[in-house]
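Trainee: I have a model open on my screen and would like to learn how to read it. Could we go through it together, one question at a time?

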Amino acid sequence: MQLPGDKSIAHRALILASLADGQSTIRNVPGSADVDSTRSALVALGAVISNPEDDVALVTGPSAWTPALNPIDCGNSGTTVRLLTGLLVGLGTPARLTGDRSLRNRPMDRVVYPLQSMGGRITYAEDRDRLPIELEARTTGSLRVLRYRGRVASAQVKSALLLAGLTAGIEVEVREPGVSRDHTERMLANLGAPIEFGPLDDGGARVLLVDPPTPVRLPGFELTIPGDVSSAAFLIAAGLLAGKSVHLDGVGLNETRTGFLKVLRRMGANVREQVLETRLGEPVGTIDVVAGRLGSFEIEAEEVPRLVDEIPVLAVLAARAHGRSRIWGAGELRNKESDRLAALAVNLGLLGVECEERRDGLIIEGSERSLSGTVRTGGDHRIAMAFGVLGSASGCEIEVDDKDCVKVSFPGFWTILDEITS
Ligand code: S3P
């Protein structure tokens, strides 16, 4: 199956290409709404990006970053708004950033606070901790070295701080309590930036951007974006519920993203990953999953950052597995495109699944009983896709109220799901 390009990698590739010398060529750019938000924000700031309808983007950065004429609307995309905040603070370019209703309801302090302590001038235009935010123009030299210890493991926060340091020529060190996705670090290292990163003995991770040169020095690059392993998760789950084997080519196999494959193994599925190449430091290869009887699972806090976006689909698999599954330490899900713990508990419950919502987790009783009802997605693409997958299982009659919201990450989802399950 042909997977859309990885959303997280696409955001970063577009941003770093806009900072690089000369032209970069990025292939397999997903046509998802989130990545379009990053693309149009960069264009509004002066970057030249070709072929908005095509999956190949030729990117040339602005010779001087210009303030956007209008507020920058980041749509539904947390990655766009958080990474842009760091980028623009580092560049010293003024802007007003906002987003759709869901994004305006998500926390911004996690990125605003460390950027302010670095010297960035950011204010909340309406409510504290929420969009819209105003970034003020800044003169060169007004940012200072940042050593930051995050309270949550967040790749968006970490990447925002790295982009601020990179563009301002300021040293930045970030420590996290867990290991969040490391695409920014890998890409920067592969493009020659002075960066060190890796896990720590205490289960956390550290990244250090050492004395980055000003202005930014990155070469133009070519990249074919690996297939999105988070989109793959839905197709694999659909295959497992339909009793079909799934083979995927050209998938990103970065370990900070593939935690759900380990959970599938614990559930009893036969899962094989094979790395065949590396692209800008990202391992890429095949995944083969052979269906079998699924058992229950437990997920602990330490594992959550590596599968944070896959909890909705794991939760629906738990509803069809044998036994009681438990997810702990997943409070961050309440800060996603919707409160995902609540959305999962409410929707599983209304379909007839026994599901207990905890402060930071879920307990789900698997069964073979027939499940039926209409799921309310709250406009959250991963909730829609997770219940789409559950609806494809035998004995399930499930309507999803807002099928269209999948365009945020996986526009072709419903067609591919049909192909797998028919
Ligand atoms: C992302 C990081 C994750 C993830 C999101 C994409 C990224 O968010 O949930 O879908 O591309 O950096 P956090 O870093 O806030 O956990």
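Mentor: Gladly; here are some questions and answers on aromatic pairs, helices and empty spaces, and please keep in mind that this is a predicted model.

Trainee: Let's start with the rings. How many aromatic pairs are there?

Mentor: A pair of aromatic rings is described by the distance of the centres and the angle of the planes. Ring centres have to lie within 6.5 Å to pair. By that rule the count is 3.

Trainee: What kind of pair do the rings of Phe234 and Phe413 make?

Mentor: Their centres are 6.2 Å apart, and their planes meet at 75 degrees. An angle over 60 degrees counts as edge-to-face. The pair of Phe234 and Phe413 is therefore edge-to-face.

Trainee: How many residues apart in sequence are the parts that this pair ties together?

Mentor: Phe234 belongs to helix 7, which covers residues 229–242. Phe413 belongs to helix 12, residues 413–421. The pair thus ties together parts whose separation in sequence is 179 residues.

Trainee: Is Phe413 buried or exposed?

Mentor: Under 20% relative accessible area, a residue counts as buried. Phe234 passes with 1%, and Phe410 passes with 2%. Phe413 has 0% relative accessibility, so Phe413 is buried.

Trainee: Which residues do the ring pairs link into a cluster?

Mentor: Phe413 also pairs edge-to-face with Phe410, at 5.7 Å centre to centre and 65 degrees between the planes. A charge joins the picture too, as the charged end of Lys403 sits over the ring of Trp414, 4.7 Å from its centre. The cluster linked by ring pairs is Phe234, Phe410, Phe413 and Trp414.

Trainee: Back to helix 7. How many of its 14 residues are buried?

Mentor: From first C-alpha to last, helix 7 reaches 20 Å, close to the 20 Å expected. At its start, a side-chain oxygen of Asp228 comes within 2.8 Å of the backbone nitrogen of Ser230, and Gly243 follows the helix with a positive phi near 70 degrees. Helix 7 is mostly covered, and its buried residues number 13.

Trainee: Which residue caps the N-terminal end of helix 5?

Mentor: Helix 5 is largely enclosed by the rest of the structure, because 14 of its 14 residues are buried. Just after helix 5, Gly169 has a positive phi of about 70 degrees. At the N-terminal end, a side-chain oxygen lies 3.3 Å from the backbone nitrogen of Gln156, and the residue that supplies this cap is Ser154.

Trainee: Now the empty spaces. Which residues are closest to the centre of the largest pocket?

Mentor: The largest pocket holds about 870 Å³ of space. Its lining has 49 residues, and the elements that give two or more of them include helix 1, helix 3 and helix 5. Closest to the centre are Arg110, Ala153, Ser154, Glu332 and Lys336.

Trainee: And how much space lies in the largest cavity?

Mentor: Rolling a probe the size of a water molecule over the atoms shows where empty space is left. The count of cavities of 30 Å³ or more is 1. Residues lining the largest cavity include Leu88, Thr93, Arg121 and Glu136, and its space comes to about 50 Å³.

Conventions:
Residues are numbered from 1 along each chain as its sequence is written. This is a predicted model: local features need pLDDT of at least 70, side-chain atom pairs count only at pLDDT 80 or more; totals for chains, interfaces and linings use all residues. Side-chain values use heavy atoms; hydrogens and water are left out. Rings of Phe, Tyr and Trp (its six-membered ring) pair if their centres lie within 6.5 Å; planes under 30 degrees apart count as stacked, over 60 as edge-to-face and the rest as tilted. Helices (H or I, at least four residues) and strands (E, at least two) are DSSP runs, numbered from the N terminus. Buried means under 20% relative accessible area, exposed over 50%, partly exposed in between (1.4 Å probe, protein chains only). A charge sits over a ring if NZ of Lys or CZ of Arg is within 6 Å of the ring centre and within 35 degrees of the ring normal. The expected span of a helix is 1.5 Å times one less than its number of residues. A polar contact is a pair of N or O atoms within 3.5 Å; within protein, one must be able to donate a hydrogen and the other to accept it, and residues adjacent in sequence count only if both atoms are side-chain atoms. On a 1 Å grid over the protein atoms alone, a cavity is a set of points where a 1.4 Å probe fits but cannot get out, and a pocket is an open set with protein on both sides within 12 Å along at least five of seven lines; lining residues have an atom within 4 Å of a point. Grid points are joined across faces, edges and corners, and a volume is the space filled by probe spheres set on the points.
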